[in-house]
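Here are my notes on this model, as numbered points. Please read them with the structure open.

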Amino acid sequence: MGDDALVLSQRLGEWAGHAPVLEEEVALANIALDLLGQARVLLSLVGDEDELAFLREERAFRNVQLVEQPNGDFAHTIARQLYFSTYQRLLYGRLAAAPETGSADLTALAAKAVKEVAYHQDHAGQWTLRLGDGTAESRTRMQTACDALWRFTGELFLPVEGLDTDWAELESDWLTSVSAVLARAGLTVPDGPRLTAWSAGAGRQGVHTEPFGRMLAEMQHLHRSHPGATW
Amino acid sequence: MTAVTADSQQAYETVFDAAIAADERIEPRDWMPDAYRATLVRQIAQHAHSEIIGMQPEANWITRAPSLRRKAILMAKVQDEAGHGLYLYSAAETLGTSREELLDKLHSGRQKYSSIFNYPTLTWADVGAIGWLVDGAAITNQVPLCRCSYGPYARAMVRVCKEESFHQRQGYEALLALSRGTPDQHAMAQDAVDRWWWPSLMMFGPPDDQSAHSAQSMAWKIKRHSNDELRQRFVDICVPQAESLGLTLPDPDLRWNEERGHYDFGPIDWSEFQQILKGNGPCNEQRITQRRRAHEEGAWVREAAAAYAAKHTAPQHGTAQNDTARTGTGQLGTGGNGEATA
C-alpha cells in the first residue's frame, strides 16, 4: 500500500508545470502530496522511508501495476486516478471502520487518509463526467483511457498479506461505484479481461511493466549517487 | 469612463491624488488614471506570469528529489506557486482584463516574466539556492508591496509573502544540510550559490538612473522603495546568512563599509540582464515553449469542461445534476467559465 501511494505520487509529480489549466496544477500537486504523505507513514511502519524508496530495485517494489502506468494524456491520468482512488477509498473506509482488518497503525492512517482519498475520488469523478460528457474528442479520449487501463484493475483485489478484508466484496463495491460514474459520464464500462495470466498478482510479487524501471531510475538516481549522505 | 468632461475628469483626478496622498487604498470600482491602471496590469500580470513560469525550474527536480521529506516540501512549494499565480491573475482581473488575455500575452511574448527563471536548475542544490536567494529577493521586493496603493494587489501580497517566507526558510535549511553534509554536497551547494547570486541581484531591476517606470510608480505609491535601495537591503541581509551557511558569495568586492553602514558590492553585468530580457538567456526558449505546449495540449480539456458546463447549466436540466457537479472542493478547472465560483 505504501508503494502504491509512493509510485502514484511520483507519476502525478511529473505533471507539475504541464497541467491543462492552473487549477489543475494545484489539484494534481495536492493529490500527489497527499499520496506522498500516506506513503511516508506506511513505509515508516516497515523501516526507513528513504532506504525503502530509494535503495530498493524494481523487483522489490510491491505496488500494483496500475499506479506505475505512464501519465499519458489528461484522460489517462484521470482514468488511473478514478480506478485507484475508488479502490483506496473503499479499502481505507473498511480499515478505518473495522480495526481488525489491519494493524492499529494502519487503522490510524486509514482514518486520516480516507478524507483525502474521498477528495481524490471526487476530483477524478468530476473530471470523468466532464471529459465523458464534454466534447466528442474528450469523450473518445476518456473512453480510450478507461479501456486501456481496465486490464490493470483486477490486480487491485488480490489478497494482500496482513490485510484481512473481504476482497470479493471490495471488488464488487468498486465495480458498482466505477460503473455508476462511467454510466453518468455516458461512457461504456470496458469489457476486457481484468486479470490475465501474465498480470495476475504481478505487481504485488515485484513483477512490473517496462516503464516502471525508467521511472525508478529517475527517482533514485541522486540519492544513489551519494551513498550515506543526509539531505 | 465615457464622455467625461474636462471638469469632471479634473475632479476625479483630485479625488484620486488625495487618496494616494492620504495613503488610502484604491479599490477596483474607484476611478483611476488610465496610466495607473495600465502600469498595474503590466506589473501584476508580470508577477503572475513569474509564479507560473517559476514553477518550471523547481518542478524540474520534483521527480529526482533525494529524500521523501525534500520531495514533499518541493511539491508543496510548487503547488503554492500555482496558487500565487491564481491570486495574482484574480487581482489583475479586477482591473478589467482576463486571465485568458494575460496568458495569451505571455505565450506570444508581449508580456514578460522575471528574468531569473531563464536560468537552469542543474543540480539539487539549485533548489535550495532558489529558495534562499530567489525567494529571498522576491520577499524583499514584495513586502513593501503589501502597502501598495492598489488594494487587491496589496492584499494578494500579504498572502503571498507569508508563504514565500516559509519557502525561503526551507531553502536556507536545505542549503545548510548540504553545506554541512559530505564534501561533494558542500561543493554542490557552493556551486549553486555561485551561479544564482548575481542573477538574484538582477531581480531588483535596472539601476535607479536607468529604470523607466520607477519615478511614476513611486509617486503613485505602487512602489515604495527604489530598485537600488531594495538591492542594497537584500545584500545586507544575505552576507551574514551566507556566513552562517558556511558558503561564500562570488564577489571579490563584497565588504562592509563602516561609513555607509552597508555592504559594498561589485558591479552587476547588465549586458547579461539585457540579453535575457531580449529572450537570449539560457532557458527563455525552453520555458515559454513548455508553457505554450501545456496550454495547447490542454485545450481539449478546457473545451470539454466548457461544453459540459454549458450543457449542465441549461435550465431544462434542472438543478439536481448541477448541484452534484458543484460539490467538492472548487478546484476543478472550468476554463474560466465561472462555474467553479458559481
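1. Contact here means heavy atoms within 4.5 Å. Keep in mind that this is a predicted model. By that cut-off, 54 residues of chain A touch 57 residues of chain B.

2. How much area is buried between chain A and chain B? The figure is about 4800 Å². Carbon and sulfur atoms give 64% of that area.

3. Three residues of chain A deserve a look: L22(A), R130(A) and W231(A). Together they supply 17% of the area that chain A buries against chain B. No other three residues supply more.

4. Now chain B by itself. Its secondary structure consists of 14 helices and two strands. The radius of gyration of chain B is 22 Å, and the globule rule gives 20 Å for 342 residues. The two values are close, so chain B is as compact as a globular protein of that length. Along the principal axes, the C-alpha atoms of chain B fill a box of roughly 70 × 55 × 35 Å.

5. What share of the 342 residues in chain B is buried? Buried residues make up 53%. Consider also the contacts in chain B with a separation of 6 or more: 75% of them join residues 24 or more positions apart.

6. The surface of chain B comes next. Chain B exposes about 15000 Å². Of this area, carbon and sulfur atoms supply 53%.

7. Last, the charges. Chain B carries 35 positive and 43 negative charges. The mean positions of these two sets are 5 Å apart.

Methods:
Residues numbered from 1 in each chain as written. Chains lettered and ligands numbered in written order. Predicted model: local features only at pLDDT ≥ 70, side-chain atom pairs only at ≥ 80, totals over all residues. Heavy atoms only, no water. Helix = DSSP H or I, 4+ residues; strand = E, 2+ residues; numbered from the N terminus. Rg over C-alpha atoms; globule rule 2.2 N^0.38 Å. Buried < 20%, exposed > 50% of the residue type's maximum accessible area, 1.4 Å probe, protein only. Areas by Shrake-Rupley, 256 points an atom, 1.4 Å probe, with all protein chains shown as cover. Lys, Arg positive; Asp, Glu negative; His and termini not counted. Charge placed at Lys NZ, Arg CZ, Asp CG, Glu CD. Buried area = accessible area lost by both parts, 1.4 Å probe.
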